[in-house]
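Please walk through the fold of this protein chain, explaining how its helices and strands are arranged and where the backbone departs from the usual.

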Amino acid sequence: MKIGIVCYPTFGGSGVVATELGNALARQGHEIHFITYDQPTRMALFDENIYYHKVDIRTYPLFEYPPYELALASKMVNVAKFEQLDLLHVHYAIPHASAAYMAREILKTQELYVPFITTLHGTDITLVGKDESYAPVVTFSINQSDGVTTVSQSLRADTYEHFEITKQIEVIPNFIDLTRFKKQQKEHFKKAICPKGERLIVHTSNFRKVKRIDDAIKVFCRLRQQIPVKMLLIGDGPERRRIEQLCQDNDLMDDIRFLGKLDAIEEVLSVADLFLMPSEKESFGLAALEAMACEVPVISSNAGGLPELNIHGVTGFMSDVGDVDDMVKNALIILQDDKLPEFKANALKRAKEFDVHKIRPLYEAMYERVIASVPAPNN
Ligand code: GMT
């Protein structure tokens, strides 16, 4: 198949899923065309089946806000025609689904029907999407999609609850490439960070409020009062400065390091003992799955789709959002010498259920169904 993939090209979960899906499909022999404003960070650079089409955004003195959606829709039209795409798969509703709708309708006037599938990832529904400034367009473009998927049952339920959806939504969970995300021998790295054999706690995110990083810091502080621990914070975003300041003010900087955005995140996860994800909302929790694949148990909240990933008492524990006491109590259970190996093994076992080789065929099957249902010309 020839598939156009539209996504945010950044480190965010939706962009990572879209790009890794494109990479996996290309390895299967499909022709993949990424259409976005920048080269996706995880795009396989030297795969003969992968192409990248940059969306050019022309500014003009009249435009206070450059019309990205129009430039994207135009690019989709051009790529779909020139490359003879079978299908467009857009990740994150805003503004990708409405741009895809516009592209499809333009192509229809040229006797071409290129269907589009919309994958909803989380905040496009649970936060930004349901804001009244976007909700009508989000509802319309979901209903106009030729296929719709969400990354968890929880997100599907949220979508039906918050929008008037007439379309069937299929759940296809996040997935993991276990050849990349696996525990590697990085003991020298562990020794450098934890020279006295401290336990290593890791948190990864885009440092948005919804991640509740304050809770992660509180958990760490309380653990630190009871056992030797160190913490690594990976990623960047709007909350980072404030959180760094908080750590400085509380004299934590000897034991906490901020690593910023990392490409080889699996190398750090390989030496971690515990992953913290206290999020207020989390449609799936891809960062936790990446940790689990590297044999790291997870302390998370029970928000959104996290119960569909983290098995309470097996791969880690879940607590109510904000229940830091419970998170600390559970973390202490996991970090005991005689318990940790079992939690680590369970985390890996669970991650294997989301192996890309199991999930990618679900998308391929959906593509085939959607392409097969394309209306005949002049209908
Ligand atoms: O985690 C984020 O805030 C980034 C966000 C995104 O849209 O890029 O991630 C969302 O999509 C991921 C991939 O499907 C999910 O694993 C994350 O749980 C989801 N984030 C939220 O729902 C907050």
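Helix 2 passes helix 3 in a crossing that is right-handed, and this pair is a convenient place to enter what is a predicted model. The axes of helix 2, which spans residues 68-82, and of helix 3, which spans residues 93-108, come within 8 Å and cross at roughly 50°. Since an angle counts as roughly parallel under 35 degrees and as roughly perpendicular from 65 to 115, helix 2 and helix 3 are therefore oblique to each other. On the side of helix 2 the contact is made by Tyr68, Glu69, Leu70, Leu72, Ala73, Met76, Val77, Ala80 and Lys81, while helix 3 contributes Pro95, His96, Ser98, Ala99, Ala100, Met102, Ala103, Ile106 and Leu107. Divided by class, the residues of this contact are 14 nonpolar, 2 polar and 2 charged.

Helix 3 also meets helix 5 (residues 135-144), and here the two axes come within 9 Å and cross at roughly 55°, which makes helix 3 oblique to helix 5. The crossing in which helix 3 passes helix 5 is left-handed. Helix 3 takes part in this contact through Ala93, Ile94, Ala97, Ser98, Tyr101 and Arg104, and helix 5 through Val137, Val138, Phe140, Ser141 and Gln144. The contact of helix 3 with helix 5 has, by class, 7 nonpolar, 3 polar and 1 charged residues.

The beginning of helix 3 deserves a look at the level of the backbone. Tyr92, found in the loop between strand 4 and helix 3, has a positive phi of about 85° although it is not a glycine. The peptide bond from Ile94 to Pro95 is cis, with omega near -10°, and Pro95 has its place in helix 3. Both residues of that bond have already appeared in the helix contacts, Pro95 in the one with helix 2 and Ile94 in the one with helix 5.

From these helices one can turn to the sheets. One open sheet has 7 strands in the order 3-2-1-4-5-6-7, with parallel pairing. Its edge strands are strand 3 (50-54) and strand 7 (169-171), each of which pairs on one side only, and the twist from one strand to the next averages 25°. At one of these edges, strand 6 (residues 147-150) and strand 7 pair in the parallel sense over 3 bridges, with Thr149 standing opposite Glu170 in strand 7. Helix 1 (residues 13-27) lies across strand 1 (2-6), strand 2 (31-36), strand 3 and strand 4 (87-91), and runs at about 155° to strand 2. Helix 6 (residues 153-162) lies across strand 5 (116-120), strand 6 and strand 7, running at about 160° to strand 7.

A further open sheet has 6 strands, again with parallel pairing, in the order 10-9-8-11-12-13. Strand 10 (256-260) and strand 13 (316-319) stand at its edges with a single partner strand each, so one side of each is left without a neighbour in the sheet. Direction ignored, neighbouring strands of this sheet are turned by 20° against each other on average. Within it, strand 8 (residues 199-204) and strand 9 (residues 229-234) pair in the parallel sense over 6 bridges, and Leu200 stands opposite Lys230 in strand 9. Helix 11 (residues 286-293) packs on this sheet, touching strand 8, strand 11 (274-277) and strand 12 (298-301), and its direction makes about 175° with that of strand 11.

One more helix pair remains to be described. Helix 8 (residues 213-224) and helix 9 (residues 240-249) pack at an angle of about 25°, with their axes 10 Å apart, and are therefore roughly parallel to each other. Their crossing is right-handed, and the contact is made by Ile213, Asp214 and Ile217 of helix 8 together with Arg242, Ile243, Leu246 and Cys247 of helix 9. By class, this contact has 5 nonpolar, no polar and 2 charged residues.

Taken as a whole, the protein chain has 14 helices and 13 strands. Its radius of gyration is 22 Å, close to the 21 Å that the globule rule gives for 379 residues, so the chain is as compact as a globular protein of that length. Along the principal axes, its C-alpha atoms fill a box of roughly 70 × 45 × 40 Å.

How values were computed:
Residues numbered from 1 in each chain as written. Predicted model: local features only at pLDDT ≥ 70, side-chain atom pairs only at ≥ 80, totals over all residues. Heavy atoms only, no water. Axes fitted to C-alpha atoms, helices over the stretch in contact; angles between N-to-C directions. Helix = DSSP H or I, 4+ residues; strand = E, 2+ residues; numbered from the N terminus. Parallel < 35°, antiparallel > 145°, perpendicular 65-115°, else oblique. Left-handed = near helix turned anticlockwise from the far one by under 90°. Contact = heavy atoms within 4.5 Å. Nonpolar A, V, L, I, M, F, W, Y, C, P; charged D, E, K, R; others polar. Pairing = 2+ DSSP bridges. Rg over C-alpha atoms; globule rule 2.2 N^0.38 Å.
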